[in-house]
Amino acid sequence: MGGSLILFCLTVSTLLWCDLRNQFLWLSLSVTVAFGAVGFADDYAKVARRNKDGISPALRLGLEFLIAGAAMSYLFYSKLMPEDVRLHLQLPFTNSTSRD
């Protein structure tokens with residue numbers, strides 16, 4: 001449950017010192033808080049039920065995929081990034097520079 005304190009400090013400092021007009025900031029903060037909420041729910045289930053397993057791994061993974069999918073959908077369907085950037089797939093460890 002120490003993650004709750006870290007998440008609280010991260011959220012407060014972000015809201016105090018970052019540019020709140022930046023939509024990337026709100027998306028990344030929302031994803032961070034949502035993942036923190038999943039972790040908190042897991043820890044709370046461990047403490048409240050006195051069960052070392054917490055929430056089921058399938059539920060936890062499903063919630064994490066749902067959060068990530070929602071963030072990816074928002075990035076793809078919003079006008080946050082230019083269309084030529086949204087529709088390109090960057091593979092790790094490859095050269096992505098194209099000469100047109």
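**Aromatic pairs**

I began in helix α2, where F40 and Y44 both sit, four residues apart, which is about one turn of the helix. The model I am reading is a predicted one, and I keep that in mind for every distance I note below. I looked up the ring geometry of this pair and found the centres of F40 and Y44 6.2 Å apart with their planes at 20°, so the pair is stacked. F40 itself is partly exposed, with a relative accessible area of 41%.

I then asked how many aromatic pairs a search of the whole structure finds. The search returns two aromatic pairs. Besides F40 and Y44, I noted F76 and Y77, which form an edge-to-face pair with 5.0 Å from centre to centre and 85° between the planes. For the accessibility of these two residues, I wrote down that F76 counts as partly exposed at 35% relative accessibility, whereas Y77 is exposed, with a relative accessible area of 65%.

**D42 and its surroundings**

I stayed with helix α2, which covers residues 23-48, and turned to D42, a residue found in that helix. Is D42 buried or exposed? I found it buried, because its relative accessible area is 8% and the cut-off for buried is under 20%.

I next listed what D42 is in contact with once its neighbours within four places in sequence are left aside, and the list reads D53, G54, I55 and R60. For I55, I looked at the backbone and found that its nitrogen lies 3.0 Å from a polar atom of the D42 side chain. For R60, I recorded a polar contact between its side chain and the side chain of D42, at 3.0 Å.

**Salt bridges**

I searched the whole structure for salt bridges, and the search finds four. Side chains of opposite charge can pair when their charged atoms come close.

I took K46 with D42, a salt bridge in which the closest N and O atoms are 3.5 Å apart. Both K46 and D42 lie in helix α2, four residues apart, about one turn of the helix. K46 is partly exposed, with a relative accessible area of 31%, while D42, as I noted above, is buried at 8%.

I went on to R60 and D42, whose side chains meet in a salt bridge at 3.0 Å, N to O. This pair links distant parts of the chain, with R60 in helix α3 (residues 57-77) and D42 in helix α2, 18 residues apart. R60 is partly exposed, with a relative accessible area of 27%.

Which residues are linked with D42 in a network of salt bridges? I found K46, R60 and E64 linked with D42 in this network.

I also looked up D19 and R21, whose side chains meet in a salt bridge at 3.1 Å, N to O. D19 counts as partly exposed at 41% relative accessibility, and R21 is exposed, with a relative accessible area of 73%.

**The nonpolar patch**

I turned to helix α1, residues 2-17, in which V12 is found. V12 is partly exposed, with a relative accessible area of 33%. I then checked whether V12 could qualify for a surface patch, for which the cut-off is over 30% relative accessible area, and I found it listed with L5, F8, L16 and W17 in a nonpolar patch on the surface. Together these five residues have about 610 Å² of accessible area.

**S78 and V85**

I moved to the loop between α3 and α4, where S78 lies. S78 counts as buried at 13% relative accessibility. A polar atom of the S78 side chain lies 2.7 Å from the backbone oxygen of Y74. Not counting residues up to four places away in sequence, S78 touches S73 and R86.

My last entry is on V85, found in helix α4, which runs over residues 83-86. V85 is partly exposed, with a relative accessible area of 44%. I asked how many residues separate V85 from T11 in sequence, and where that leaves them in space. V85 and T11 are 74 residues apart in sequence and 29 Å apart in space, C-alpha to C-alpha.

Key
Residues are numbered from 1 along each chain as its sequence is written. This is a predicted model: local features need pLDDT of at least 70, side-chain atom pairs count only at pLDDT 80 or more; totals for chains, interfaces and linings use all residues. Side-chain values use heavy atoms; hydrogens and water are left out. Patches are made of residues with over 30% relative accessible area and no salt bridge: like charges are joined within 9 Å, nonpolar side chains (Val, Leu, Ile, Met, Phe, Trp, Tyr) within 5 Å. Accessible areas come from the Shrake-Rupley method with a 1.4 Å probe; for residues, only the protein chains shown count as cover. Helices (H or I, at least four residues) and strands (E, at least two) are DSSP runs, numbered from the N terminus. Buried means under 20% relative accessible area, exposed over 50%, partly exposed in between (1.4 Å probe, protein chains only). A polar contact is a pair of N or O atoms within 3.5 Å; within protein, one must be able to donate a hydrogen and the other to accept it, and residues adjacent in sequence count only if both atoms are side-chain atoms. Contact means heavy atoms within 4.5 Å. Rings of Phe, Tyr and Trp (its six-membered ring) pair if their centres lie within 6.5 Å; planes under 30 degrees apart count as stacked, over 60 as edge-to-face and the rest as tilted.
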